[in-house]
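I opened the structure to look up how its helices and strands are put together. My notes follow in the order of looking.

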Amino acid sequence: MAEPAFELPEEARLRAQSLGEAGARWLAGLGDSVRRLQEVWNIQLGASLSGGSESLILEAQCADGTGAILKLRMPGAEDVTNEAETLRIADGRGYARLLAHDEVAGAMLVERLGRPLADLELSLDRQLEIICTTLRQAWAPLAAADGFTTAVEKSRWLADFITSTWRELGEPCSAAVVTQALDFAQQRADAFDPAHCVLVHGDPHSHNTLTEPGPTSTAALTFRFIDPDGLFGEPAYDLAILMREWNNE
């Protein structure tokens, strides 16, 4: 098997260097990590892909010719366990298929899809229709959180993030704005009802919505998601991401 040859995008390299000793160890061992995964998963590796600052992402090909993506997280980043478990549960329904997962290495091998929706120059209405249609396929019922972050936990995290970031940035907006944001977060926590929750994507924007392999005609294209956060919450959580992405429109 050929030795892996890859180039870590500069953004990811700088991110790793900012992590100090842990990042330096990750960079030093990256070649060995990739080589081991290549051997264990019997894959051939291709070009490095940009688009992330917390992972090495490589094109890959499985022994049976299946196109894949290898993702290897750096230390300090969110681990891939939630993402991998979301893809495992979905089993290709609304999401790229999970082909392999190494929890210790923080690595995943995922089915390679096509172009991002963001690159297809479609109208906003059409993009919204596509994402919502794909979400209907992707939302998975769960009897309980089963280890996934709940909407309540996410609300608390957001409240802490808003407060700490506001202070770190020197209080760039009025306290009333922050108070209103914290009130909204608390309202969502108070409204949490497991009976109305599903496994949501968590970040279904147009760059995470990719074409399926197959027809090239825009009218015939179907789509699936990549890079889920994997949360146990209301379906409306995912719809709020669309409002965030296109709030001016």
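I began with helix H1 (residues 10-17) and H2, whose axes come within 7 Å and cross at roughly 135°. I noted H1 as oblique to H2, because the label "roughly antiparallel" is kept for angles over 145 degrees. This is a predicted model, and I read every value below as computed from it.

I then listed who makes the contact. From H1 it is Arg13, Ala16 and Gln17; from H2 it is Gly23, Ala24, Trp26 and Leu27. By class, I have four nonpolar, two polar and one charged residue in the contact of H1 with H2.

Next I turned to the sheet. I found an open sheet of five strands, paired antiparallel, in the order S1-S2-S3-S5-S4. Which strands stand at the edges? I wrote down strand S1 (43-48) and strand S4 (98-102); each has a single partner strand, so one side of each is left without a neighbour in the sheet. For the twist, I noted that neighbouring strands of this sheet are turned by 25° against each other on average, direction ignored.

I looked at one edge in detail. S4 and strand S5 (residues 107-111) run antiparallel and are joined by four bridges. Across this pair, I found Asp102 opposite Ala107 in S5.

What packs on the sheet? I noted helix H2 (residues 21-41), which touches S1, strand S2 (55-62), strand S3 (67-73), S4 and S5. The direction of H2 makes about 145° with that of S3. I also logged helix H3 (residues 81-90), which lies across S3, S4 and S5 and runs at about 150° to S4.

Last, I checked the backbone for positive phi outside glycine. I recorded Asp91, with a positive phi of about 50°. I placed Asp91 in the loop between H3 and S4. Is Asp91 buried or exposed? I entered Asp91 as exposed, because its relative accessibility is 52% and the class begins over 50%.

I recorded Glu171 as well, which has a positive phi of about 55° and is not a glycine. I placed Glu171 in the loop between helix H5 (151-168) and helix H6 (175-190). At 48% relative accessibility, I entered Glu171 as partly exposed, because exposed requires over 50%.

Note on methods. Residues numbered from 1 in each chain as written. Predicted model: local features only at pLDDT ≥ 70, side-chain atom pairs only at ≥ 80, totals over all residues. Heavy atoms only, no water. Pairing = 2+ DSSP bridges. Helix = DSSP H or I, 4+ residues; strand = E, 2+ residues; numbered from the N terminus. Axes fitted to C-alpha atoms, helices over the stretch in contact; angles between N-to-C directions. Contact = heavy atoms within 4.5 Å. Parallel < 35°, antiparallel > 145°, perpendicular 65-115°, else oblique. Nonpolar A, V, L, I, M, F, W, Y, C, P; charged D, E, K, R; others polar. Buried < 20%, exposed > 50% of the residue type's maximum accessible area, 1.4 Å probe, protein only.
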